[in-house]
Structures are given as C-alpha cells and as structure tokens.
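Me: I should like a close look at a single part of this structure. Please choose one helix, explain how it is placed against other helices, and then set it in the context of the rest of the chain.

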Amino acid sequence: MKKNLLTGISLLLVAAALCCSCTVNAATTKTQTGTARPVSIPKKTTAKSTKTQASTSKSTTQAATKSTPQAQPKAAAVSTSGYQNVVTWGKKHGMRAAWTQKNKTLRLSNDSTTIVLNIGARHASINNIKIALCQNVKMSGGNVLVSTQDINTALEAITNPRKNAVRIVAIDPGHGGSQPGAKHSGKAEKDITLLIAKEVRTLLQNKGVKVVMTRTTDRTMDLKTRPQIAAQNHADIFVSIHLNAASADANGAEVFTTTPAGAQSTTPDSGSTAATRGNKNDAANALLAYHIQRQLVQKVQFSDRGVKRKRLGVLYDTAMPAVLVEAGFISGSKDQKKLFNATERSKIAKAIAEGILSYKKTVESVKPTPTKSNTAGKP
Ligand SMILES: [Zn+2]
C-alpha cells in the first residue's frame, strides 16, 4: 500500500466520492499488476465475441425496422456497428415491447421478466434491479439499440442463464490484519466483513453447500492470494464482502463484477481494457451479482446502487465467477443501523447467502440444450 502511494492518491481522487478504500486498494493493485495480462484465454474470448458481434449485429439491424414499437424507415445516422435492435432480441424471448415514455423509456416484458431501458442511459433495470451497461442505449432509425456486448454480458446473461453447478463457494471477508479497510464511528470494515462472512458460511453450510473462507481471523492478506485460495480449493464461485465509505448521506448496496473486455468501467478507470481471465465468466459474473444485489435490495431494503463494473484486484484475474459485494456504507446514517446491530447485520448475511443460493438454483435448474427425456428435473 505504501509503495504505490502516488498511484493510490490519483485513484483516490476519482474513487473517494463513491467507493470504500477497498475498491481503491483493489484498483491500485490492479494497476500494479494490470500490465502483465494472462495470455491464453483472452485471445480466444476476444475473437469469439468479435465474431458474435459482427454476425448478430448485421442480421438484427436488417430485421430491426419492423419490430420497434414505432416502426420507421431505416435511416441510421448513429453508428450501429456492434449494436442490436433490443426489441428483436426481446421477441426471441417472448418479450413484448412498449414505450412507457415515447422515445425515452422502453419496457420489455414477459411473464417472468421486465426490462426497462432509457435512451441515452448506460444502465438497464432488470426486474427492478439496476444493472450498469458498458455502452449507452441508443436510438437510430426508430430502433432501440443495445450493444451486443451488453446483450451478452447483461440482458441475456441474466434473463437466459447458462447451465452450471455450484458445489463449493469461496467467501472472502475484505481486508484484515494491518489493513482495516474503511473506518468509521470506532468500527473497522475488516471486522464487520468477517462477522458477515462467517454468518454467510453457516447459512450456506446449513443448506449443504461446501464453503471455503479466505480468512477466518484478523490477518493481513494480499489481494492476489484471495482468489488463489478459491482456485486451490476448487471453488465454483468467489464472493468478496466489503463495505463502502463516504459521507453520512451516502447509503445503499452495490455489487461489482470485473468489466467486460474493451469496455470502460462504470466509474472511469485507468489502465488496460484488454480481456483478462475474469472475462471468461462475464455472463455468470453478472448473473451472480444480480441475484445477490436483488436480495440485498428486497430483503434488507438497501438503496439500489446497482450491479457495477470495475477491474478490481480480486475480480479481474479470477478463475471462477466472481463478485465483490459492497454491503452498505460504514459511514452511512441509514446503513450504520444495519451494519452495527447484530440482528440487522444478520439480515445482510442472510441476503448474501440467499443471493448465492438463488444463483445456484437458477444455474442448476437450466435445462440442458439437447432436450432428451426429463431426467434433470427430478429431486
Ligand atoms: Zn473494502
């Protein structure tokens, strides 16, 4: 931490308004190590996604004109390369499209999902949970366009998940030892994250899930070690628990995933945007973040700061689906009531555990693509 103080200060200036010191530390470490990118996976991922972008955007742009709520002749003044008509995409999933505010707010919905998109905004709402996007939602030729990257790593990822299994969960209580994280009102982030993490562990174990903790005591650990412990123990997902810090009127929860390749993070960051190992799981990362954020908002009544993207030190090079939960503000007048009281804090732990279990249930209940006899759905 001391060695890269100068880098830390410049990042601090950017991040201080919103993020806790954990986010700053992580970003600093990322800058330190970010130049040495992993080799094998990124090339494959990038090549694949570029190909998908090229093929899908062409076909959907052609098919696009008729299906927008307000059909118009095609006259693309805005660049539509790498974008898809989101109404056409929605139709594939049986979603109806309607303007809730003409040419401003589009609503796509079917029986299970509602997506709200605002023209010009860089976020979506999926079932009332805010999800950061990599690119702004655009309008061109009467069509509402969402980048193919955002379709793949947000909309499709969350509403049409891929089959997966969760047997072992890695829980990472942020900070520890000589790194207290954010401090406020005589409390340290490292202590609260450990208390929450231990409760999450118990709740998951009670449901038969194996849990690996990166630390169970107040000890110093560097950021790289944490996902390594998860990998060594064959964890299927990695969940890092942190708290935010800012002024007393800043309150709410947010969940970070690493930023998809080539895209800017939700709050601007410096350094390379090249693909990293964490991008292999872009879709699962978003799905896991969504399920945890949804529980935190619905069950603990946290203000919804959204699922966000940032190349954090414990996320960008992590082998399995990974998220960093900012479970409220240690400095927030509302959030302190949740964080400093044991009964209220247990609700946070329960929401994180329920989010993980909800993700597990979702990915494990996805039907295998080739539909044979129904063997997967039996208890
Ligand atoms: Zn932190």
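Reply: Helices and strands are here runs of the DSSP assignment, with at least four residues for a helix and at least two for a strand, numbered from the N terminus. The model is a predicted one. In these terms, the protein chain has 10 helices and 16 strands. The chain has 379 residues, of which 48% count as buried. Among contacts between residues at least 6 apart in sequence, 74% join residues at least 24 apart.

The part chosen is helix 8, which spans residues 282–300. Two packed helices are described by the angle between their axes and the distance between the axes. Both quantities are given below for two partners of the chosen helix.

The first partner to consider is helix 5, residues 148–159. The axes of helix 5 and helix 8 come within 8 Å and cross at roughly 55°. The two helices are therefore oblique to each other. In handedness, helix 5 passes helix 8 in a right-handed crossing. On the side of helix 5, the contact is made by Asn152, Thr153, Ala154, Ala157 and Ile158, and on the side of helix 8 by Asp282, Ala283, Ala286, Leu287 and Tyr290. Sorted by class, the residues of this contact are 7 nonpolar, 2 polar and 1 charged.

The second partner is helix 10, residues 342–364. Its axis comes within 8 Å of that of helix 8, and the two cross at roughly 140°. An angle over 145 degrees would count as roughly antiparallel, so helix 8 and helix 10 are classed as oblique to each other. This crossing, too, is right-handed. Helix 8 contributes Leu287, Leu288, His291, Ile292, Arg294, Gln295, Leu296, Lys299 and Val300, while the residues from helix 10 include Ile348, Ala351, Ile352, Gly355, Ile356 and Tyr359. By class, the contact of helix 8 with helix 10 divides into 10 nonpolar, 5 polar and 5 charged residues. Leu287 of helix 8 takes part in both contacts.

What follows helix 8 along the chain? Gln301 lies in the loop between helix 8 and strand 15, residues 304–309. Gln301 has a positive phi of about 55° although it is not a glycine. Gln301 is partly exposed, with 13 other C-beta atoms within 10 Å.

A second loop residue invites comparison. Asn103, in the loop between strand 2 (96–101) and strand 3 (105–109), also has a positive phi without being a glycine, at about 60°. Asn103 counts as exposed, because there are 12 C-beta neighbours inside 10 Å.

Another helix in the chain shows how buried residues can be arranged around an axis. In helix 7, residues 225–232, the buried residues are Arg226, Pro227 and Ala230. They cover an arc of only 90° around the axis, which puts them on the same side of helix 7. The underlying rule is that an α-helix has 3.6 residues a turn, so residues three or four places apart point the same way. The buried residues of helix 7 pack against strand 9 (168–173), strand 12 (210–213), strand 13 (237–244) and strand 16 (322–329). Just after helix 7, His234 takes a positive phi of about 55°.

A last example is Val87 of helix 4, residues 86–92. Val87 is buried, with 26 other C-beta atoms within 10 Å. The C-alpha atoms of Val87 and Val144 are separated by 7.0 Å, although these residues are 57 residues apart along the chain.

Key: Residues are numbered from 1 along each chain as its sequence is written. This is a predicted model: local features need pLDDT of at least 70, side-chain atom pairs count only at pLDDT 80 or more; totals for chains, interfaces and linings use all residues. A residue is buried if 20 or more other C-beta atoms lie within 10 Å of its own, exposed if 12 or fewer, and partly exposed in between; C-beta atoms are placed from the backbone. Two residues are in contact if their C-beta atoms, placed from the backbone, lie within 7 Å. Axes are lines fitted to C-alpha atoms, for helices over the stretch in contact, and angles run from 0 to 180 degrees between N-to-C directions. Angles under 35 degrees count as roughly parallel, over 145 as roughly antiparallel, 65 to 115 as roughly perpendicular and the rest as oblique. A crossing is left-handed if the near helix is turned anticlockwise from the far one by less than a right angle, and right-handed if clockwise. Ala, Val, Leu, Ile, Met, Phe, Trp, Tyr, Cys and Pro count as nonpolar, Asp, Glu, Lys and Arg as charged, and the others, Gly among them, as polar. The arc is that of the directions from the helix axis to the C-beta atoms.
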